[in-house]
Amino acid sequence: MGQRIHFVVDPQGWCCMGLIIFVWLYNTIFIPKVILFPHYEEGNISVVAVLCYYFCSLFCIASLFRASVADPGKLTENPKIPVTEREHWELCNKCNMMRPKRSHHCSRCGHCVRRMDHHCPWINNCVGEDNHWLFLQLCFYTQILSSYTLILDFCHYYYFLPLKKENWDVFVFRHELALLRISAFMGLIILGGISRLFYTQLMGIFTDTTSIEKMSNCCEDISRPQKPWQQTFSEVFGTHWKILWFIPFRQRHPLRVPYHFANH
């Protein structure tokens with residue numbers, strides 16, 4: 001079953017996502033032109049370093065776009081509730097629709113989302129059951145790309161041999177120091193913020209709780225068996241194959257959960 005396209009009309013989310021795309025374009029254009037290609041041509045680095053940077057950049061932007069347009073788990077009107085699962089459904093007091101427990105109504109999107117974690121303006125979408133895995137991939141590859149960029153900025157000045165520049169009339173070489181300082185500043189800001197977010201997301205998966213449940217403390221009154229971490233990650237990513245947890249170019253297939261591990 002293909003993944004449904006989900007588009008949120010929110011100018012604030014468009015601005016936040018546009019800022020992320022600007023940072024990605026800035027580093028994807030200037031870092032190879034100022035550091036990777038010149039040092040590769042002079043034999044200071046191998047082609048593997050260049051390809052790894054572009055692979056990280058590709059996976060980062062792919063997970064960003066897929067997380068932003070993927071359906072997070074929006075509940076349809078008049079859902080068909082299996083008889084055996086009716087006790088696990090409840091009525092939303094905002095949209096007056098039946099929804100599975102652990103769902104939440106997003107006031108910004110205007111509908112309920114299955115196992116909603118939070119609404120993220122940086123992807124202009126909710127993070128729910130069906131796109132949580134893409135959001136985790138976005139956080140992961142953003143950390144790698146930011147760290148890689150900072151390492152290249154550092155090595156360019158303190159490790160690599162000086163370049164034999166001849167094109168001083170080219171804009172990027174005349175303003176090289178300013179461009180790399182901007183790149184390092186953006187890298188530090190994004191790496192610090194996304195690392196904290198990624199850590200909280202991982203802890204939520206390990207404990208099988210969403211960010212909304214943590215803020216509302218609704219899980220303190222609920223007793224359910226503790227799942228192994230392999231199972232919780234497999235349920236989020238939709239596969240038991242761990243290598244596929246890192247691939248954004250695929251479809252997620254929900255896993256069937258045993259009854260004694262079912263939601264509430």
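**Exercise 1. The second largest pocket**

Task: State how many residues line the second largest pocket and which of them lie nearest its centre.

Solution. In this predicted model, 27 residues line the second largest pocket, and Ile-20, Trp-122, Thr-142, Ile-190 and Ile-194 lie nearest its centre. Next, take the volume, which is about 630 Å³. Then assign the lining to elements: at least two residues each come from α1, α2 (47–69), β5 (118–120), α3 (132–158) and α5. Of these, α5 gives the largest share, with 9 residues. Finally, sort the lining by class: 19 residues are nonpolar, 8 are polar and none is charged.

**Exercise 2. The largest cavity**

Task: Find how many cavities of 30 Å³ or more the model holds, and describe the lining of the largest cavity.

Solution. The count of cavities of 30 Å³ or more is 1. The largest cavity encloses about 30 Å³ of space. Its lining consists of Asp-117, His-132, Thr-200, Gln-201, Gly-204, Ile-205, Thr-209, Thr-210, Ser-211 and Lys-214. Two elements, α5 (176–207) and α6 (211–216), give two or more residues to this lining. The largest share, 4 residues, belongs to α5. By class, the lining of the largest cavity has 1 nonpolar, 7 polar and 2 charged residues.

**Exercise 3. Helix α1 against α2**

Task: Decide whether α1 is roughly parallel or roughly antiparallel to α2, and list the residues in contact.

Solution. Start with the angle: the axes of α1 and α2 cross at roughly 170° and come within 10 Å. Angles over 145 degrees count as roughly antiparallel, so α1 is roughly antiparallel to α2. On the α1 side, the contact is made by Met-17, Ile-20, Ile-21, Trp-24, Asn-27, Thr-28, Ile-31, Pro-32, Leu-36, Phe-37 and Tyr-40. On the α2 side, it is made by Val-47, Ala-49, Val-50, Tyr-53, Tyr-54, Ser-57, Ile-61, Leu-64, Phe-65 and Ser-68. The contact of α1 with α2 has 17 nonpolar, 4 polar and no charged residues. Ile-20 of this contact is also one of the residues nearest the centre of the second largest pocket.

**Exercise 4. Helix α1 against α5**

Task: Classify the angle between α1 and α5, give the handedness of their crossing, and sort the contact by residue class.

Solution. The axes of helix α1 (residues 11–41) and α5 cross at roughly 135° and come within 10 Å. That angle is neither over 145 degrees nor within 65 to 115 degrees, and α1 and α5 are therefore oblique to each other. Their crossing is left-handed. In α1, Val-23, Tyr-26, Asn-27, Phe-30, Ile-31, Val-34 and Ile-35 take part in the contact. Their partners in α5 are Glu-176, Ala-178, Leu-179, Leu-180, Ile-182, Ser-183, Met-186 and Ile-190. By class, the contact of α1 with α5 comprises 12 nonpolar, 2 polar and 1 charged residues.

**Exercise 5. Helix α5 against α7**

Task: Work out how α5 is oriented to α7 and which residues meet.

Solution. Helix α7 (residues 229–237) packs on α5 at an angle of about 115°, with the axes 8 Å apart. That makes α5 roughly perpendicular to α7. The crossing of α5 and α7 is right-handed. Leu-202, Ile-205 and Phe-206 of α5 meet Trp-229, Thr-232, Phe-233 and Val-236 of α7. This contact has 6 nonpolar, 1 polar and no charged residues. Ile-205 of α5 also belongs to the lining of the largest cavity.

Methods. Residues are numbered from 1 along each chain as its sequence is written. This is a predicted model: local features need pLDDT of at least 70, side-chain atom pairs count only at pLDDT 80 or more; totals for chains, interfaces and linings use all residues. Side-chain values use heavy atoms; hydrogens and water are left out. On a 1 Å grid over the protein atoms alone, a cavity is a set of points where a 1.4 Å probe fits but cannot get out, and a pocket is an open set with protein on both sides within 12 Å along at least five of seven lines; lining residues have an atom within 4 Å of a point. Grid points are joined across faces, edges and corners, and a volume is the space filled by probe spheres set on the points. Ala, Val, Leu, Ile, Met, Phe, Trp, Tyr, Cys and Pro count as nonpolar, Asp, Glu, Lys and Arg as charged, and the others, Gly among them, as polar. Axes are lines fitted to C-alpha atoms, for helices over the stretch in contact, and angles run from 0 to 180 degrees between N-to-C directions. Angles under 35 degrees count as roughly parallel, over 145 as roughly antiparallel, 65 to 115 as roughly perpendicular and the rest as oblique. A crossing is left-handed if the near helix is turned anticlockwise from the far one by less than a right angle, and right-handed if clockwise. Contact means heavy atoms within 4.5 Å.
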